[in-house]
Amino acid sequence: MKRSSIILIAVVAVVLIIFAWVRGSYNGLVDADIAVENALGNVNTRYQERADKIDQLVGVVKGAANFEKSTLVEITNARASAGSVKLDANDLTDANLAKFDAAQNQLKGSLSRLMVIMERYPDLKATQNFSALQYEVAGMENRIATARTDYNKTVADYNSRVRRFPSNIFANMFGFEKKAMFQNQAGTENRPNIDFSEKK
């Protein structure tokens, strides 16, 4: 075999190895980006589930209790505000995530106040619809927390790929940017206590 043929084969082999390496790094970044989009979709689904259940909850309360309308107006407005703030998987900055989180926390706070007020109505607490919704609200908050945790794990993996060498070279070349993670709000380390037992 001629020396020029050996050199040509070696060059082709090196090019193929580099191509496979670049392709693998790029595809790994794409897969991680798609995983973030999927995790964000799951978070949005859980928040939408809560928004839908809040409509049912407000309907049950309207039908079973006669208390100040300002509470229902507050929760309806908070739900509308939370629904108007959308997250785009291609623009997951700290500022955008903080804005989304603030709107969702406003809704969560309104919902907590509604639950506390509903404690004062024994007839309401006795209804089957309220009992079912009470458990659904707790379940919704748990599913939201799980979806946020899964999202953060997925983003941590993605951000690690974007920052680690040598994939960071391709991340910069192809525009893969670091994505924001959900942060705990001050005081969230303390689980809220919603007591549905009879007041004495």
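Y151 is buried, because its relative accessibility is 0%. In this predicted model, Y151 pairs edge-to-face with F182. F182 also counts as buried, because its relative accessibility is 6%, under the 20% cut-off. The protein has six helices and zero strands. Of its 200 residues, 34% are buried.

**Aromatic pairs**

- The model holds six aromatic pairs.
- One of them joins Y47 and F100, edge-to-face, at 5.3 Å centre to centre and with 80 degrees between the planes.
- Y47 sits in helix α1 and F100 in helix α3, so this pair ties together parts that are 53 residues apart in sequence.
- Y47 and F100 are both buried.
- For Y151 and F182, the ring centres are 5.2 Å apart and the planes meet at 65 degrees, again an edge-to-face pair.
- This second contact also links distant parts of the chain: Y151 belongs to helix α5, F182 to the segment after α6, and 31 residues separate them.
- Y47, F100, Y151 and F182 together make one aromatic cluster.

**Nonpolar core**

- The largest nonpolar core has 37 residues.
- Its members with the most contacts to other members are L57, L87, L111, Y151 and F182.
- Two of these, Y151 and F182, are also the partners of the edge-to-face pair above.
- Helices α1, α2, α3, α5 and α6 each give two or more residues to this core.
- In soluble globular proteins, nonpolar side chains tend to be buried together.

**Second largest pocket**

- The second largest pocket has a volume of about 210 Å³.
- Its lining counts 13 residues, and Q48, A82, G83, K86 and Q104 are the closest to the pocket centre.
- Three elements give two or more residues to the lining: α1 (3-64), α2 (69-84) and α3 (94-118).
- Helix α1 gives the most, with four residues.
- By class, the lining has seven nonpolar, four polar and two charged residues.

**Helix α6 and its flanks**

- The peptide bond from F165 to P166 is cis, with omega near 5 degrees.
- P166 lies in the loop that runs between α5 (128-163) and α6.
- Most peptide bonds are trans, and most residues other than glycine have a negative phi.
- Helix α6 covers residues 167-174, and its buried residues are S167, F170 and A171.
- These three lie on the same side of α6, because they cover an arc of only 105 degrees around the axis.
- The face turned away from that buried side carries N172 and M173, both exposed.
- Just after α6 comes G175, with a positive phi of about 80 degrees.

**Overall layout**

- From the N terminus on, the elements run α-α-α-α-α-α.
- Helix α1 recurs across these topics: Y47 of the Y47–F100 pair lies in α1, and α1 gives four residues to the lining of the second largest pocket.
- Helix α3 likewise holds F100, and α3 is among the elements that give two or more residues to that lining.
- Helix α5 holds Y151, a residue of the largest nonpolar core.

Terms used. Residues numbered from 1 in each chain as written. Predicted model: local features only at pLDDT ≥ 70, side-chain atom pairs only at ≥ 80, totals over all residues. Heavy atoms only, no water. Buried < 20%, exposed > 50% of the residue type's maximum accessible area, 1.4 Å probe, protein only. Arc of directions from axis to C-beta. 1 Å grid on protein atoms, 1.4 Å probe; cavity = no way out; pocket = protein on both sides within 12 Å on 5 of 7 lines; lining within 4 Å. Points joined across faces, edges and corners; volume = space filled by probe spheres on them. Nonpolar A, V, L, I, M, F, W, Y, C, P; charged D, E, K, R; others polar. Core = buried A, V, L, I, M, F, W, Y, C linked by side-chain atoms within 4.5 Å. Phe/Tyr/Trp six-rings, centres within 6.5 Å; stacked < 30°, edge-to-face > 60°.
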